[in-house]
Amino acid sequence: MPQPTLQRSADLPSTHTALICVALPGLAISTEEGQLAGRGLEGFYRAGRRLLSRCQVSVGGREPLAVQARMAGADQARFVGTVRTASAAGPDPDVVVERIRHADGTERITLRSAALRPLRLPVEVALGTDLADLSAIASGNAGPELPATVHDSGLRWTCTAGSATVTAAPPPADALASAGLLRWEFELPPGATVTVELRVRPGGAGPLRAVGRAATNPLAHARAAGDDPRVATLMRTSIEDLQALLLRDPAHPTDTYLAAGAPWRCGMAPAEALAAARMTLPLGTRLAVGTLRTLARTQLTGAGPQTGMIPGPRRDAGTHMPPGCTGTEATLLFPVLLAEARRWGLPEQEAEELLPTAEWCLTWLRTTVRGSTYLCDPQPGGPIRCETQAHAHRAALLGADLLEAYGRPGGTELRQWARELRAAFQGGFWIEDRRGGRPAAARAPDGRLLPHLGAAAAHLLDTGLLGAGELAPGLLDRAQTDQLARLLGGPALDSGWGLRGLGTKEAGYNPFGHRTGAVRVQETALAVAGLAAAGHEQEASGLLRGVLAAAERFGHRLPEMYAGEQRSEGSAPVPHPAACRPAAMAAASGVLLLTALAGIRPDSPARTITLRPVQSVPLGEIGFTGLRIAGAPFSVRVSRLGLAMVEEAAERLQLGV
C-alpha cells in the first residue's frame, strides 16, 4: 500500500496548531506564521517523504509580519503578512504578502503594493530540505539539511533515498546554491501586484494528481442546508476532507479507499477504511466497492485458524484491557459493508464479485465461534469485548441476509448463533446496580466482568440495515437499551462536546487518553444514529448539538480526537496535541451525524426507500441535495414539523411505509 502509517509514540511532534493541507499522496504542513523554518513537521511532503522543509520569504531584507493564517480548503492554506518598506511614512505597512500553499507542492507568493509611489522590491526565498522520511521526523531523526545545486529555474537536492526540485516562475534573477537562495528584484507601481509561483516536485515526477480531484472521485458532491447554517459548512468540509484522504490501489488504480488520517496515518487502516466507507454510503457506493476490492486482495488464505480474515494491526485499548486486533473488526465489517452497500444501490454484478470474500469472512466467524457463545479478541484467549460482540452479531445477521439473497448456504447457522449470543449477552453481559445497570466493557478470560463504562458501548446501538427499511435487532433488550441511552446522555460520558472514551468516574480516566477519556467523534456519531433509531431523540439531539458546537470551534474540520474536558459556558473544546486532522473517521462521522437526521433507509434490490426522520428536528429544517442512492441523485428535506419529503430520486424507487 502507498503511504506510511506510523505507530503512535510518546514523542510525536504536536499537530494541534498546525495547518495541514492534504491531497494525498501530498501534504503541506505549516505553522500559523506561514514561513517554513524547517522546525518540527513543517514542509511539503509526497508519499511520506519531506521534499522541502524550509521556505522563508523576505521582502526588502525584511521578513513579513504574519497577520492572518487560515485553511482555504482541505488542500490549501492562505497566509497574509505585511511589510513596511523604508519609504513608508508612519506605522502603516505598504506591502501585503499573500501566500497560497497547496498540498500538491505549489506555492503562490503575491506581493501587492499599497504605496503612493513606485517601489523597487528585492525579494529572496531561502529554501532547504533534508529529504527525510516522516517516520524519521516523528522520532527526531530527520538529519541535517542537504546541499543544493542550481537546477533549471530553481534548486535541486539529492540523497540516496531520492531527490527533490523547486522551480520558480518567473525564473529568479539569481540562484545561489550554497545559500539555498532564489532572488528577484521587482518594480511595483502603486496598487500593482507581482506573483512568484514555486513548484516542489520529487525527482523525475510530474504534477501531483490527487485522487479526490479526479473525474472518477467516488464521493458524490452532496450539499446540506437548513435553519442551522452550520450544517452546510460541516457537510462541505467533511466531504472535502474525505476527498483529500483518498488513495488508489497502485496495482488496481480504479479502486480507491480512504487513508486513516494526516499526518501520521496516511495509509490503509483496514477497519477504519471499512467503517468510514460505511458511514459515507449516502454519498454513493463507489468508495465502498473500491475499499472492499482492495481489502479482498489481502484476505488470508490457506489452512489455519486465521483463514478468511482481513489482516489488520493491533490497536491500543487503554489501561483496562490488552490491545485488540483490528483484523477481527475488519473481518466482521467486510460482509456488513457489502450487505449495506447492496441496499444503497451497489450493482448486483459487483456485489456478486465480492461475495466469495464475504463468505470466507463469515466462514471464519462460524469456525471461530463453533462450540462457543462469544467471540474473543484477540484470538485465541483474549478478552470478550463488548463492542466485538456487537460487531459479530451484526455481521452474523447481515451476513446471513446476504448469503440467502444469493442462494448461498450458511445463513441458518449464523442466525442461530446470533440468537444464542443475544440471549447470553442480555443475561451474562449486563451488570445490575441501583442506578439501573450497565453493559460490561468486557469479560476477562477468567470469566470476570470488567465494569468500566465508555463510549465503546455505543456500538451496541449500531445494529445494521436489513431489507424493507428494517434495522437488525441488537444485543440488548428494550429496557437495557433505554438504560444505555440514559448512560450515554449522562454527565459521566457526555462531555458536552461528545462522548468520552471512558467515563469520568472510572479508574484510569484521562481526558486526553485516546481510549481512556478523549472524545473520538465516530463513537458519538454512532450513538446519535443509534439513539435516534431507537427512539431516544432527546439524548441523540444533545450529543449532536455538542459535536456540532465542537466542529464549529475546529473550523468544521473535526480532528481524530480531542480532550474530554467538560463543556462550560464560554469554554471551547481542547485539542489533542497528537490527533490526526483531517481524519477519515471524523470526516465520515460528519456525514453520518447530519444524514441520520433524515433517517434514510434504502432497499435498492426491492426498489424501495423508507424515511425515519428525527421528529424533534433538533437543528430545525434540514435538506440534502446530491446524495446518491441506487446510482442516481437523491434529495430529501425534513421540515420543521419533522416530516420528510423526497425531492429527487431514481425513477424506480418507491417510498416505503
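# Salt bridges, burial and strands

Trainee: In this predicted model, is Glu-329 buried or exposed?
Mentor: The relative accessible area of Glu-329 is 14%. A residue counts as buried under 20%. Glu-329 is therefore buried.

Trainee: Which residue forms a salt bridge with Glu-329, and where do the two lie?
Mentor: In this salt bridge of Glu-329 and Arg-315, the closest N and O atoms are 2.5 Å apart. The two residues are 14 apart and link distant parts of the chain, Glu-329 being in helix H5 (residues 326-344) and Arg-315 in strand S21. Side chains of opposite charge can pair when their charged atoms come close. The partner of Glu-329 is Arg-315.

Trainee: What is the burial class of Arg-315?
Mentor: Arg-315 has a relative accessible area of 24%. Buried means under 20% and exposed means over 50%. A value of 24% lies in between, so Arg-315 is partly exposed.

Trainee: How many salt bridges are there?
Mentor: A pair counts if a side-chain nitrogen of Lys or Arg is within 4 Å of a carboxyl oxygen of Asp or Glu. By this rule the number of salt bridges is 41.

Trainee: How many residues apart in sequence are the parts that Asp-255 and Arg-297 tie together?
Mentor: Asp-255 and Arg-297 form a salt bridge, with 2.8 Å between the closest N and O atoms. Asp-255 is in strand S20 (residues 252-258), while Arg-297 is in the loop between helix H4 (286-296) and strand S21 (314-315), so the pair ties together parts of the chain. The separation of these parts in sequence is 42 residues.

Trainee: Of Asp-255 and Arg-297, which is buried?
Mentor: Arg-297 has 37% relative accessibility, so Arg-297 counts as partly exposed. Asp-255 has a relative accessible area of 3%. The buried one is Asp-255.

Trainee: Which residues are linked with Asp-255 in a network of salt bridges?
Mentor: The network includes Asp-255 and Arg-297, the pair just described. Its other members are Asp-249, Arg-286, Arg-293, Glu-350 and Glu-353. Linked with Asp-255 are thus Asp-249, Arg-286, Arg-293, Arg-297, Glu-350 and Glu-353.

Trainee: Which residue forms a salt bridge with Arg-394?
Mentor: The closest N and O atoms of Arg-394 and Asp-462 are 2.8 Å apart. Arg-394 lies in helix H7 (residues 386-405) and Asp-462 in the loop between S27 and H9, so the pair ties together parts that are 68 residues apart in sequence. Arg-394 counts as buried at 2% relative accessibility, and Asp-462 counts as buried at 14%. The residue asked for is Asp-462.

Trainee: Which backbone oxygen does the side chain of Gln-483 reach?
Mentor: Gln-483 lies in helix H9 and is buried at 4% relative accessibility. Beyond four places in sequence, Gln-483 touches Trp-430, Arg-435, Gly-436 and Gly-437. At 3.0 Å, the side chain of Gln-483 reaches the backbone oxygen of Arg-435.

Trainee: Where does His-452 lie, and is His-452 buried or exposed?
Mentor: His-452 is in the loop between strand S27 (449-450) and helix H9 (478-488). Leaving aside neighbours within four places in sequence, His-452 contacts residues including His-320, Arg-438 and Glu-506. The relative accessible area of His-452 is 11%, so His-452 is buried.

Trainee: In the open sheet of 5 strands, which strands stand at the edges?
Mentor: The order is S3-S6-S11-S16-S15, with antiparallel pairing. The strands at the edges each have a single partner strand, so one side of each is left without a neighbour in the sheet. These strands are S3 (36-37) and S15 (174-176).

Trainee: Which residue in S16 stands opposite Asp-174?
Mentor: S15 and strand S16 (residues 181-188) run antiparallel and are joined by 3 bridges. Opposite Asp-174 in S16 stands Arg-183.

Trainee: Which residue in the turn between S12 and S13 has a positive phi?
Mentor: Strand S12 (residues 148-151) and strand S13 (residues 154-159) run antiparallel, joined by 4 bridges. Ala-148 has Trp-157 in S13 as its bridge partner. The two strands form a hairpin with 2 residues between them, and the turn residue with a phi of about 55° is Asp-152.

Trainee: Which residues make the nonpolar surface patch of about 310 Å²?
Mentor: One of them is Met-645, found in strand S32 (residues 644-648). Met-645 has a relative accessible area of 31% and is partly exposed. The patch is made by Leu-641, Leu-643 and Met-645.

Terms used
Residues numbered from 1 in each chain as written. Predicted model: local features only at pLDDT ≥ 70, side-chain atom pairs only at ≥ 80, totals over all residues. Heavy atoms only, no water. Buried < 20%, exposed > 50% of the residue type's maximum accessible area, 1.4 Å probe, protein only. Contact = heavy atoms within 4.5 Å. Patch = residues over 30% accessible without salt bridge, like charges linked within 9 Å, V, L, I, M, F, W, Y side chains within 5 Å. Areas by Shrake-Rupley, 256 points an atom, 1.4 Å probe, with all protein chains shown as cover. Polar contact = N/O pair within 3.5 Å; in protein donor to acceptor, adjacent residues only side chain to side chain. Pairing = 2+ DSSP bridges.
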